[in-house]
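Me: Please take a close look at one part of this protein, the open sheet and the nonpolar core that goes with it. Then set that part against the rest of the structure.

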Amino acid sequence: MRRIFGRTKSFIKWCFAWCIGHLFYKGKYLKGKYFKRFQYSEGWRWTMHAVFMQKIIGINRKVPFPVNYNVTVTNWRNIEFHRDNITIFQKPGNYYQASGAKIIIGKDSYIACNVGMVTANHDLKDLSKHTGGKDIVIGPNSWIGLNSVILPGVVLGPHTVVGAGSVVTKSFPEGYCVIAGNPAHKIKEIEMDKRPLIGTKSCMGCMLCAEKCPKGAIKIEKKAGYYHPVVDIDKCIECGLCNKLCPVNAPKKSNEPKEIYALRTKNEDKLRASSSGGAAGLLSERIIAMGGVVSGVVYDDKMHPVHRIARTDKELSALRGSKYVQSAMGNIYSELKCELEKGIPVLATGTPCQIAAIKNYFGDRYENLYTMDLICHGVQSPVVFENYIAQLEGQYGKKVTDFKFRDKTKGWKKSNVKVTFEDGSDVIMTRSECEYFRYFDYLRQSCYNCHFRNFNNYSDVTVGDYWGIETLTDRFDDDKGVSIMLVHTEKGSQLAAQIKENAEICDSNLEHAVKTHKKLKKSIAQPKYRDPFFSILENKGYDKARKFQNKKTRMFNIKKKIKRLIGGK
């Protein structure tokens with residue numbers, strides 16, 4: 001009886017705290033391990049304790065998440081943290097000053113009491129003013145000790161421990177160390193468990209670990225609809241190189257664009273061949289004109305999307321067009337290295353995670369390496385695509401030789417699919433007619449919590465379709481397609497300047513780009529039937545998984561029609 005009474009009391013408290021919390025704070029911050037459902041847990045207690053001092057008295061009033069009244073937070077919009085890290089704002093005496101720059105705190109990091117993080121110092125000649133801000137980045141699984149101070153521009157890698165009372169004036173981006181002192185210096189390396197972390201949900205399939213393993217202990221296998229690295233424990237020497245190189249373990253950074261454009265190529269033939277406005281083609285053509293090479297995705301003879309290098313405009317044509325399937329990196333890392341060693345310009349293209357892997361592989365050693373990533377929805381299953389191609393070949397009785405996900409024969413906005421067969425014939429389908437698009441949101445597991453959203457990318461330039469361009473200008477309102485190009489680095493600016501004469505172009509801005517491209521900031525939610533679909537695919541095959549999905553799709557459409565009828569009444 002006491003247990004029932006206790007649980008009922010806890011539930012009533014949770015209901016009250018939930019209502020108060022969502023009344024005064026943003027709901028996205030009231031989630032995570034400290035905010036348990038139906039329980040009056042630690043996070044809800046913080047909420048109830050903070051709301052009076054914060055929202056009534058006015059200490060940190062504008063901050064949309066619970067903050068202890070002894071904590072000072074300035075420019076909260078410039079502070080990025082995982083929702084499980086809300087505890088860092090409950091430690092008395094902490095000071096977060098994010099003026100003119102960002103404070104980025106990695107997941108599972110701990111910050112003790114009386115810690116100061118300052119992105120901008122006072123101007124020594126005029127103390128009433130501040131100098132320009134510099135980002136502070138704290139890597140995941142780090143620990144900042146009591147009474148420490150982190151100064152502007154400091155980057156701490158993963159698993160960094162800052163001793164109590166330290167003043168950190170310089171960066172330790174490699175992480176895995178203990179630093180202490182004034183100014184702080186490295187006093188100890190942290191010997192982590194170096195067994196591979198491969199196989200977790202955060203694995204994004206870049207295959208860099210397999211490429212760099214010194215003993216060849218990592219192989220690639222099909223699993224749950226995607227290619228995954230698998231470790232041969234007998235060969236593994238636990239050197240930890242795979243963990244060190246994994247882009248997911250790298251500290252987050254802010255790579256907001258310096259320039260943003262809406263543009264498209266002036267060449268009508270290349271505009272028709274492109275998925276959007278041909279921005280990727282213009283950049284690629286410029287690199288080849290400079291005597292360089294471009295890496296991108298093509299279909300091999302089995303219609304598998306793989307990374308290849310193009311050296312001529314003719315070879316470049318195979319790289320054009322969107323391919324909504326996760327591509328295999330293959331030997332592209334070593335192939336790019338050979339080209340870079342020759343000193344010729346190289347443009348590496350891919351998804352944000354693939355570009356992060358390439359940057360991790362090469363670091364900043366090569367000035368002739370340019371990178372371009374895409375505004376990414378997430379990557380679809382190569383196993384599903386392979387089976388769908390086989391289904392089409394069985395249905396039409398001939399081999400598929402090309403598959404255009406974004407054919408513009410009937411206009412850019414229609415986004416029709418065009419399938420070409422070996423005899424030269426083709427079939428054009430709408431997205432609703434193309435069965436493959438029923439699985440469009442069934443992405444790789446890591447895509448639902450993408451590490452590289454919110455401008456945590458490593459590219460020089462980002463390109464994509466400029467959806468919503470009509471709210472910026474009517475200049476491109478002819479359904480031929482237009483690209484958005486976000487320039488992040490000086491290298492990107494140099495490339496952008498060299499293609500302007502071959503493009504119709506107009507300036508845009510960050511606010512409009514983010515408003516019309518939600519994927520720049522946020523991953524999509526995982527669909528309800530994603531995991532059951534891949535479980536059936538792996539255990540019973542594509543036909544069974546297809547029937548399962550078709551059944552769920554029919555039920556969804558029936559429910560939608562019923563809702564419309566009720567709404568109409």
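Reply: What follows starts with the sheet, goes on to the core, and then turns to the salt bridges, one helix and the overall figures.

The model is predicted. In it, four strands make up an open sheet, and their order is β2-β4-β9-β12. The pairing in this sheet is parallel. β2 (79–81) and β12 (155–156) are the edge strands, each pairing on one side only. Strand β4, residues 103–105, is joined to strand β9, residues 136–138, by three bridges. The two strands run parallel, and I103 stands opposite I136 in β9.

The largest nonpolar core has 43 residues. At least two of its residues come from each of α1 (2–24), α2 (42–57), β2, β4, β9 and β15. The largest contribution is that of α2, which gives four residues. Within this core, F89, Y96 and M117 touch the most other members.

Y96 shows how the sheet and the core meet. If neighbours within four places in sequence are left aside, Y96 is in contact with V71, T72, V73, T74, I79, I88, F89, I103, I105, I111 and M117. F89 and M117 are thus among the contacts of Y96. I79 is also on that list, and β2 covers 79–81. I103 and I105 are two further contacts of Y96, and β4 consists of residues 103–105. I103 therefore has a place in two descriptions, because Y96 is in contact with I103 under a cut-off of heavy atoms within 4.5 Å, and I103 stands opposite I136 in β9. Apart from this core lies another one, of 37 residues, with Y436, Y439, I524 and F548 among them.

β15 also supplies at least two residues of the largest core, and its pairing is with another strand. Five bridges join β15 (residues 177–181) to β16 (residues 184–189). These two strands run antiparallel. They form a hairpin with two residues between them, and G181 stands opposite A184 in β16. A salt bridge connects K186 with E189, with 3.2 Å between the closest N and O atoms. K186 counts as partly exposed, at 34% relative accessibility. E189 is likewise partly exposed, with a relative accessible area of 45%.

The salt bridge of K186 and E189 is one of 21 that a search of the whole structure finds. Another one is formed by the side chains of E504 and R264, at 3.3 Å from N to O. E504 lies in strand β29 (residues 503–507) and R264 in strand β19 (residues 259–265), so this pair ties together parts that are 240 residues apart in sequence. How exposed are the two partners, E504 and R264? E504 is partly exposed, its relative accessible area being 25%, whereas R264 counts as buried at 4% relative accessibility.

D465 and R406 form a further salt bridge, with the closest N and O atoms 2.7 Å apart. This pair also links distant parts of the chain, since D465 is in strand β27 (residues 461–465) and R406 is in strand β24 (residues 400–407), 59 residues apart. Both D465 and R406 are buried. Salt bridges that share partners also join E80, K102 and E256 into one network.

Helix α6 (residues 279–289) is a separate case of burial. Eight of its 11 residues are buried, so α6 is largely enclosed by the rest of the structure. The buried residues in α6 are A279, G281, L282, L283, S284, E285, I287 and I288. Just after α6, G291 takes a positive phi of about 85°.

The overall figures give the setting. The protein has 14 helices and 29 strands. Its radius of gyration is 26 Å, close to the 25 Å that the globule rule gives for 569 residues, so the protein is as compact as a globular protein of that length. The C-alpha trace spans about 75 × 65 × 60 Å along its principal axes. Buried residues account for 49% of the 569 residues. Of the contacts with a separation of 6 or more, 57% are between residues 24 or more positions apart. The accessible surface is about 28400 Å², and 52% of this surface belongs to carbon and sulfur atoms.

Technical notes
Residues numbered from 1 in each chain as written. Predicted model: local features only at pLDDT ≥ 70, side-chain atom pairs only at ≥ 80, totals over all residues. Heavy atoms only, no water. Pairing = 2+ DSSP bridges. Salt bridge = Lys/Arg side-chain N within 4 Å of Asp/Glu carboxyl O. Buried < 20%, exposed > 50% of the residue type's maximum accessible area, 1.4 Å probe, protein only. Core = buried A, V, L, I, M, F, W, Y, C linked by side-chain atoms within 4.5 Å. Rg over C-alpha atoms; globule rule 2.2 N^0.38 Å. Areas by Shrake-Rupley, 256 points an atom, 1.4 Å probe, with all protein chains shown as cover.
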